[in-house]
Amino acid sequence: MRRLRRLWQKPLVERQLDSELKFHLEKQIADYVSSGLPPEEARRRASLEFGGVERFKEECREARWEHHLDIIVQDFRFAVRGLAKDRRFAFIAILALALGIGASTAIFSVVYNALFQPFVYKDSAHLVVLRLRDLDQPDYWRGVFTLGEFQEFQKQNQLFDSAVANLQDDMVYAVGDSNMELAGNYVTPGCFEFYGVAPFLGRWLEPADYQPGAAPVFVMRYATWFEKFGADSALLGKPFSLNAVSRTLVGIAAPRFVWGGADLWMPRGPEDPKVIRNERQFWGIVARIKSNVSLQEAGANLTVIAQQLSAIYPNQYPKRFAVEVLPFVYAVVPPRFREALYVFSAAVGLLLLIGCGNVANLLLARAATREREFAVRSALGASRFRLIRQLLAESFALALGGALLGIFFAWAGVKTITAVIPHFTIASETVIEMNGAVLLFALVVGICTVFIFGLVPALQASRCDLNESLRETGKGGGGTGRGGLRNAVIMLEVALSLILLVTAGLFMRSFIALQHVRLGLRTDHVLSARVPLPVERYKSGDQLNSFFRPLLTRLKSIPGVVYVAESSTLPPYGGIRGEVEVSGKSHQEKWYSLLQLCSEDYFSVLRIPLVEGRNFTEDEVNDKRQVVVINQTFQRRYFGKDNPIGQKIQFNGEQHFPQEIKDKWFEVIGIVADARNRGLQEPIDPETWVPYTVTGSAMRGILVRTTNNPATIVKAVAKEIWATDPSVAMAEPYPLDQFLDVFTFAQPRFGLWIVGIFAGIGLALVTIGVYSVIAYSTARRTHEIGLRMALGAAKDDVIKMVLRQGLRFIAAGIATGLAASLGLSRIIAGQIWGVSAYDPLTLAAVVALLTIIGMLACWVPARRATRIDPMTALRYE
Amino acid sequence: MGQEKAEFLKGTLDMLILKIVAAGPIHGYAISHRIQQISRDFFQIPQGSLYPALHRLEERGWLTAEWKDTETGREAKFYKLTRMGRKQLETEVLNWEQLTNAVSLILRTVE
């Protein structure tokens, strides 16, 4: 404490030192006087003995610890002054450092929060989801199960601590004369205890709520309550009319509780008679795996149970299957995005390396130009320790600037990424925040770089012969060892930035390829919406038609509307997949086709051209005629050269029809052109269309083609739906091209932006790096260049000489980078589509770009060198 | 003081100061006076060595200082040995005795 106090009591400390010494002097004088000397003589002698007071006062000060602090502050001030003089150097070094630190912290924070810490749920590391994978068809699996299956899994397996299930259902909330569509989830008992998150308000569902005859209740999602109901806590305990049932709101979930993406959670358990026997309701399962059990073990265990179940429900299971157990986070983050995050991490790591390389290079170059300064100072008696201390102070100033700016960049980066990250890429539970550990790591890497390379001049100064370096300056050549290190660093930078540029180039090519995919249908000017119907009242095809037929007519009367269709799925995804048979064709392997249920104008709304035959008519739809339109892929694959018109197709897939139909044979009446039906990136599957009236189903949607902006007719469409049946509400009304954008382009565009920005920054840093190295070396060769020109060298010769020198390490960097990116192409291959990871065009463009930029960076200092007047250059010294 | 004596002093000054201070609170002038007196003028400690040494010992926590009035009524800085200082003194004295013993052993035997 006393030591600290001395810091702000400096004047007091000084005064005390003074009076201590004065006391000594006076005592001495007094002693001399008392031994008989005259006072004048006594004073003179004492003072003489005492010697230079200031000198040993300084020594006393040095004995104190705060003295070191003084020196450090002095050094720091001196360092900042030095850096301010060399503003360009300081600015670039700090910026390079900050960009590296900021970008890597931002990206790693996203990765950490999205993949490793996405949930607030209790013990979320042990939460798993189940998937039933068809071993004969690698792309197909089902992630939902009947409640019967769920109960068997729960009862028989030994590897789960507990498990819960949710069933999604569309809820229509009736308020006055309008409807609001809300995403409902029926959940099994105990699920809130399972997740271990306290409710925000009110209570969770309790066991009593599941008892037969209990009053209907529900819990609302925080965001829904906040955004759609104005965060009104008075709503608690109030009844809501949901799907014509009055339910009481008993609680608001915690803000980050978003299970199933639902707006509301309602009790429905095995006790509920509506549920237990229903084999067409599919539930999602989340389980907590025992901590000593691996995912493989759990999967194997469940596969055995599922095999028993497949004997009871043969229709629900493919021939060969396995149950897969996956971490919960895998179910919410699409695999492609997960891999993209890893690619971003690698890219940002490269950027951090480039940034550090650049700083190292700048420091090395600066060290070289200061060789003379340090030689002089060392000749004037500055100790090596003192020089090191001063360089440390300089590094500290740089590191501090870089770190502060880096933290700011990291903060801004996290904010920006959070704002622009596409939908459906990270779990809704995830909150992305800056990660302290990651920030610390990036800071340490950056700061170490500064300190290690910042100390080079001190080592140099103490090592090299004074006379040598004093004499050497300005005489060209020189410092080859360090020049080699500098060249190696810049070569590495060029290589790293080439990798980044190639990645960005491939992402761009892939994105362009994606945008140029021939959809086979037109998404512009189309409004799409889901229209979930109450199952109880719309069971059969006739009942469906009694709603949609009048609705379609009403919608067509909206001004601007050209065509209206009803459909079971939205493009570019097509129908339900299942097994098919074609009359008169035998085959070994299973045949599959997508099946779409739709009304007659489906092809007109989407502008899918008819190739052969005809489309079904309104009458055929109303009459539930068993007719089918197929696409060209279906024709090619299953009919070959035969004419399909008039042939029959049987739909055997259990999943094809939501409701059982007796006769599964349909007559082919037409062929339409191929349109994308498994997203943009997957090849087109065989697809078929039949009148929607042949079966009942609650999962319906509408497509409306208008001549106006489709967003403007949303209200009118909602009104017509309300007018047709006030208990129905539409969900997710989006212009179709917007829908396509969210699901198809948003993610690649995000990736392109991220990688593109990194590549841009990397390129800028490398350009600066090349420039600084060449500028430095030509500056050192001023004398030599002057001599050459005096002896008759032309300007071009000089420029060529400098360019040749630069080209050497740029070429080496490009070669290294090319080799590395070819080696890494396997990682990138999963992220790009429609373009090869070895795409020669991209590689060539990147090599050309780097060469041109590199040559430009060399050319500027080269030209400056030739402007030197030979006489000045020779006199220079 | 001759060059040799100064060199000799360097290594033992701390110990001498500690020893003197161990007798009780004492100010700088008196310390130099006592050392000179006791050593019968063999050691004359220049102020340039004494005060930096005192401050160094204080900084290390072997001495503490206090401003008190002297017998003449003037205020002076009095140094006092701390517990750590006492321990240090013991070690240094022990070392010193071992050293002198060893040296005198050699000097006696090699005759």
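This is a walk through a predicted model with chains A and B, beginning with the fold of chain B and ending inside chain A.

Let's start with chain B. Its secondary structure amounts to four helices and three strands, and along the sequence these elements come in the pattern α-β-α-α-β-β-α. Chain B has 111 residues, and 23% of them count as buried. If you look at contacts in chain B between residues at least 6 apart in sequence, 48% of them join residues at least 24 apart.

The strands of chain B are a good place to orient yourself. They form an open sheet of three strands in the order β1-β3-β2, with antiparallel pairing. At the edges sit β1 (26-27) and β2 (63-69) of chain B, each of which pairs on one side only. Follow β2(B) across to β3(B) and you will find seven bridges joining the two antiparallel strands. For a landmark on this pairing, pick out B:D69, which stands opposite B:E75 in β3(B). Now bring in a helix: α3(B) lies across β2 and β3 of chain B, and runs at about 115 degrees to β2(B).

That helix appears again when we turn to the contact between the chains. Here 13 residues from chain B meet 16 residues from chain A. On the side of chain B that touches chain A, the elements giving two or more residues are α2 (28-38), α3 (47-59) and β3 (75-81) of chain B. The largest share of that side, seven residues, comes from α3(B). By residue type, the side of chain B that touches chain A divides into five nonpolar, four polar and four charged residues.

Crossing over to chain A, it helps to have the domains in mind. The domain assignment gives domain 1 (2-64), domain 2 (124-332), domain 3 (336-516 + 743-875) and domain 4 (532-729) of chain A. Between domain 3 of chain A and domain 4 of chain A, the C-alpha centres lie 57 Å apart.

A helix worth tracing in chain A is α13, which covers residues 335-369. How far should its 35 residues span? At 1.5 Å a residue the expected span is 51 Å, and the end C-alpha atoms of α13(A) are 51 Å apart, so the two values agree. Is this helix largely enclosed or open? Because 25 of the 35 residues of α13(A) are buried, the helix is largely enclosed by the rest of the structure.

Next, look at strand β14 (residues 561-567) of chain A, which is mostly covered, with six of its seven residues buried. Its partner β22 (residues 701-706) of chain A pairs with β14(A) in the antiparallel sense over six bridges. Within this pairing, A:V564 has A:V704 in β22(A) as its bridge partner.

Our last stop is a single loop residue. A:N243 sits in the loop between β8 (239-242) and β9 (245-252) of chain A. Why does A:N243 count as partly exposed? The reason is that A:N243 has 19 C-beta neighbours inside 10 Å, where a residue needs 20 or more to be buried. Leaving aside residues up to four places away in sequence, A:N243 touches A:M171, A:V172 and A:P534. The pair A:N243 and A:M171 makes a nice example of sequence against space: 72 residues separate them along the chain, while their C-alpha atoms are 5.6 Å apart.

Key
Residues are numbered from 1 along each chain as its sequence is written. Chains are lettered from A and ligands numbered from 1 in the order in which they are written. This is a predicted model: local features need pLDDT of at least 70, side-chain atom pairs count only at pLDDT 80 or more; totals for chains, interfaces and linings use all residues. Two residues are in contact if their C-beta atoms, placed from the backbone, lie within 7 Å. Ala, Val, Leu, Ile, Met, Phe, Trp, Tyr, Cys and Pro count as nonpolar, Asp, Glu, Lys and Arg as charged, and the others, Gly among them, as polar. The expected span of a helix is 1.5 Å times one less than its number of residues. A residue is buried if 20 or more other C-beta atoms lie within 10 Å of its own, exposed if 12 or fewer, and partly exposed in between; C-beta atoms are placed from the backbone. Two strands pair if DSSP finds at least two bridges between them. Axes are lines fitted to C-alpha atoms, for helices over the stretch in contact, and angles run from 0 to 180 degrees between N-to-C directions. Domain bounds come from an automatic or database domain assignment.
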